[in-house]
Amino acid sequence: MQELDSRISNARFDVCLKGYLPKQVDSFLDSLREQARQMTEQLAELNDELDRYHKMESDLALLLLKVKQVAADQEQLSEKARNLAVADQEKLDEDASKQAASHARAKKALQLLYTENERLKLECKRLNSENQTRKQSGVDAPSESY
């Protein structure tokens, strides 16, 4: 643009009888020079703005890449958390199943002990009754009662 401005500023025309008025030509050239200067400034501003947009585009592309990476990392963490939760639940279920089985075995053992206790009580009563019967009939019997 400076070259154009220089050409406009340095332009000289020969004067002839039926030529243009030098003041009008100079005024026109001054106007062109001013327009060229304004266009040069505007072009510089637009180039600066374009550079800012390119920088913003680059920053946004980088940010998008980082967001995608964070999303991928978050997905991996979520998957790990789900797997841990499933494993924990399976362990809890297994422990609960073992505890229920143990409880059932203990309950059955307790019922067997109760039944055996009742059987032994009845046996003791029977033996005491026999012992009493023997004592009353005069037959020697052990003196211990059950």
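Select Glu116 in this predicted model: with a relative accessibility of 35%, Glu116 is partly exposed. Add Arg119, which also counts as partly exposed, at 43%. The two form a salt bridge, and their closest N and O atoms are 2.5 Å apart. Both residues belong to helix H2, where a spacing of three residues puts about one helical turn between them.

Next, select Glu123 and Arg126. Their side chains meet in a salt bridge with an N to O distance of 2.4 Å. This pair is likewise three residues apart in helix H2, or about one helical turn. Glu123 has a relative accessible area of 28% and is partly exposed; Arg126, at 37%, is partly exposed too.

Now go to Arg37 and Glu41. A salt bridge links them, the closest N and O atoms lying 2.4 Å apart. Here the spacing within helix H2 is four residues, about one turn of the helix. Arg37 is partly exposed at 37% relative accessible area, and Glu41 is partly exposed at 40%. Add Glu34 to the selection: salt bridges with shared partners join Glu34, Arg37 and Glu41 into one network. The whole structure contains twelve salt bridges.

For the last stop, select Leu60, Leu63 and Val67. Together these residues make a nonpolar surface patch of about 290 Å². Val67 sits in helix H2, which covers residues 22-137. Is Val67 buried, partly exposed or exposed? Its relative accessible area is 48%, so Val67 counts as partly exposed, because that class ends at 50%.

Key: Residues are numbered from 1 along each chain as its sequence is written. This is a predicted model: local features need pLDDT of at least 70, side-chain atom pairs count only at pLDDT 80 or more; totals for chains, interfaces and linings use all residues. Side-chain values use heavy atoms; hydrogens and water are left out. Patches are made of residues with over 30% relative accessible area and no salt bridge: like charges are joined within 9 Å, nonpolar side chains (Val, Leu, Ile, Met, Phe, Trp, Tyr) within 5 Å. Accessible areas come from the Shrake-Rupley method with a 1.4 Å probe; for residues, only the protein chains shown count as cover. A salt bridge is a side-chain nitrogen of Lys or Arg within 4 Å of a carboxyl oxygen of Asp or Glu. Helices (H or I, at least four residues) and strands (E, at least two) are DSSP runs, numbered from the N terminus. Buried means under 20% relative accessible area, exposed over 50%, partly exposed in between (1.4 Å probe, protein chains only).
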